[in-house]
Amino acid sequence: MASAIVRELGESVQETLLALGRYALFAARVAAEAPRALLRFRLVVEQVFNAGALSLVIIMLSGLFVGMVLGLQGFDLLERFGSEESLGTAAALGLFKELGPVVAALLFAGRAGTALASELGLMRATDQIAAIEMMAVDPVRRVVMPRFLGGVIAMPLLAAIFSMIGLYGAQLVGVQLMGVDQGQFWSQMRAAVELHDVMEGVLKSVVFGLSCSLVAVYEGYHSVPTAEGVGRATTRTVVISSVSVLLLDYVLTAVML
Amino acid sequence: MGSRATAATKRPWSRPRPEGRCAGRRLAPGHSRGSDAIVRVRGLHYRAGGREIFAGVDLDFPRGAVTAVMGPSGSGKTTLLRLITGQARPERGTVEFDGQDVAKLGRRELYRMRRRMGMLFQNGALLTDFDVYENIAFPLREHARLPERLVRHLVLTKLQAVGLRGAARLMPAELSGGMARRVALARAIVMDPELLIYDEPFVGLDPISLGVVLRLIRRLNDTLGVTSIVVSHDVREITAVADCCHLLSAGRIIASGPPAEVAGSKHEDVRQFMHGLPDGPVAFDYPAPAYAEQVLRER
């Protein structure tokens, strides 16, 4: 009984290491192809549109509601200490450093990541990837790279839009609804928020963009070419991306604090 | 439409051909004749999922001929194509394309070799984001920096060859199965390959589309001077256009030669396959315990 548990544990550790190794090899190949892929910028721009512009509605809506909730909760908390005029600072720091990159990345994984994975998975299942290979075209270079780079470029832009709309939502609730002074809201925020706070969020969103896009293209490209296989790849994309975003968020926060 | 139906009825592709040999044919200018076989398979062993697919197969695909590879489902026909195109590597033995051992080629050399091949997949495998025109232009845009006017000329020429010039701006989702197969065929020939490979080109086609695809296989082979390999288990159809047949079963070649010769074989496995007999060496019943015994035990 005990030996069976140990064996199973060993197998699962081995499998995880193998999977990490495969991810690392794929990431190395993607990194090596990136400069050449950037030369075909038109293909990348198309994918920035697919991953970014088509995610705008969900990002803006979510940003607005997250900002509004932040306004309500922040006002409730700060009112207890008599410092509700600091609401702008609290909302801005929360959004720029944490909520903007993290929530935008989770939404990105759910919307654009799944779209990328299922698109590549379907291309595999319908022999389109094999056909591209048979036309002597490298599918990683032609199909995977533009999608990967599109995701990497779109993610920081989406996080920035999320934060800005979120800030507007916090202002809407704090100033228009709860009566915080508008001048105090903005001036305190401008005085307290520094460039490195914004850059922390930008750095996080770039890292999340790299990880979410890599997971999506890897899972889609390597999916089993069946309906079930594509479904599993899509699910794995959301799960792995979400966990990696939260894990990386902790690591980056710990490093940058 | 009417003329197409008439052509299919008359079966112009099945005109008399020299029998008694798997002969090569006239080649188009620029296509080299290194040896008589463009693809040569020797001592091929291959396993997949623990199952032996090939156990010492020797095969030649004569230059300029239409060669059919037939066999029951699961006999390794598509795997053979994957080995020829370098999508899989043999466990033992060699697969040579024009004298080059495919398994020994690096990625760049493999892609160079594939530029000399065109492949028609079972479902067409058209790129669903692109319309018909862009699908055919795809290899040209990837491999050659040609002026748009020349690309247009080449694409329309190939579409005309498969009779679909009028469908240039349709999306793959708007095409019937037969049309998709013809568009894929136009894409396969757009780079003027030396070898055309067809993986189950007749699956799911209505009789008219089937006749059209059959006629195209023969006509393109003869007019372009290419070599064609057709994997299929549609015996009647493929033997009508093939110069040469190879019959695969249980990991081995059980018959090779001109279609008439293979069809007339006395070998039991060959007879069962060529004449579609429900029982024979390939049993109708999947191996199972005695029927009565199993029924009683389950009660």
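In which sense do strand 6 and strand 7 of chain B pair, and over how many bridges? Select strand 6 (residues 117-120) and strand 7 in chain B: they pair in the parallel sense, over four bridges. Keep in mind throughout the tour that this is a predicted model.

**Stop 1: strand 7 of chain B**

Stay on strand 7, residues 195-199 of chain B, and colour its residues by burial. Five of its five residues are buried, so the strand is mostly covered. The cover lies over both faces. On one side are Leu195(B), Ile197(B) and Asp199(B), and on the other Leu196(B) and Tyr198(B), all of them buried.

Now look at the neighbours of strand 7. Towards strand 6, Met117(B) stands opposite Leu195(B). Next select strand 8, residues 227-231 of chain B, which pairs with strand 7 in the parallel sense over five bridges. Here Ile197(B) has Ile229(B) as its bridge partner. To follow the chain from strand 7 to strand 8, add helix 7 (residues 207-224) of chain B to the selection: the path goes through this helix, and the β-α-β crossover is right-handed.

**Stop 2: the six-stranded sheet**

Widen the selection to the sheet that holds these strands. Six strands of chain B form an open sheet, and their order is 6-7-8-3-9-10. The pairing in this sheet is mixed. Strand 6 and strand 10 (252-257) of chain B are at the edges; each has a single partner strand, so one side of each has no neighbour in the sheet. From one strand to the next, the twist averages 15°.

For a pair in the other sense, go to strand 9 (residues 244-249) and strand 10 of chain B, which are antiparallel and joined over five bridges. Select Cys245(B) and then Gly257(B) in strand 10: these two are bridge partners.

**Stop 3: helix 6 of chain B**

Select residues 177-189 of chain B. This is helix 6, which lies across strand 6 and strand 7 and runs at about 170° to strand 6. The helix has 13 residues, which should span 18 Å at 1.5 Å a residue; the end C-alpha atoms are 19 Å apart, which agrees.

How many of the residues of helix 6 of chain B are buried? The count is 11 of the 13, so the helix is largely enclosed by the rest of the structure. Among the buried residues are the arginines Arg181(B), Arg182(B) and Arg187(B), along with Met179(B), Val183(B), Leu185(B) and Ile189(B). To see what covers them, show strand 6, strand 7, helix 4 (132-143), helix 5 (148-161) and helix 7 of chain B, which are included in the cover.

**Stop 4: the four-stranded sheet**

Move to the other sheet listed here for chain B. Four strands form an open sheet in the order 2-1-4-5, with antiparallel pairing. Its edge strands are strand 2 (51-62) and strand 5 (100-101), each of which pairs on one side only. Select strand 1 (residues 37-48) together with strand 2 of chain B: nine bridges join them in the antiparallel sense. One place to look is Val41(B), whose bridge partner in strand 2 is Leu59(B). Then add helix 2 (residues 77-84) of chain B, which packs on the sheet and touches strand 1, strand 2 and strand 4 (92-97). The direction of helix 2 makes about 115° with that of strand 1.

**Stop 5: chain B as a whole**

Zoom out to chain B. The chain has 11 helices and 10 strands. Of its 299 residues, 39% are buried. Among contacts in chain B with a separation of 6 or more, 68% join residues 24 or more positions apart.

**Stop 6: helix 3 of chain A**

Switch to chain A and select residues 56-80. This is helix 3, with 25 residues, and it reaches 36 Å from its first C-alpha to its last, close to the 36 Å expected at 1.5 Å a residue. Its buried residues include Gly63(A), Gly67(A), Gly71(A) and Gly74(A), as well as Ile59(A), Val66(A), Leu70(A) and Phe75(A). Helix 4 (87-125) and helix 6 (139-177) of chain A are part of what covers them. Just after helix 3, stop at Gly82(A), which takes a positive phi of about 70°.

**Stop 7: where the chains meet**

Show both chains. The contact takes 10 residues from chain A and 14 residues from chain B. On the side of chain A, helix 5 (residues 128-134) gives the most, with four residues. The residues on that side divide into six nonpolar, two polar and two charged.

Definitions and conventions. Residues are numbered from 1 along each chain as its sequence is written. Chains are lettered from A and ligands numbered from 1 in the order in which they are written. This is a predicted model: local features need pLDDT of at least 70, side-chain atom pairs count only at pLDDT 80 or more; totals for chains, interfaces and linings use all residues. Two residues are in contact if their C-beta atoms, placed from the backbone, lie within 7 Å. Ala, Val, Leu, Ile, Met, Phe, Trp, Tyr, Cys and Pro count as nonpolar, Asp, Glu, Lys and Arg as charged, and the others, Gly among them, as polar. The expected span of a helix is 1.5 Å times one less than its number of residues. A residue is buried if 20 or more other C-beta atoms lie within 10 Å of its own, exposed if 12 or fewer, and partly exposed in between; C-beta atoms are placed from the backbone. Two strands pair if DSSP finds at least two bridges between them. A crossover is right-handed if, with the strands pointing away from the viewer, the path from the first strand over the helix to the second runs clockwise. Axes are lines fitted to C-alpha atoms, for helices over the stretch in contact, and angles run from 0 to 180 degrees between N-to-C directions.
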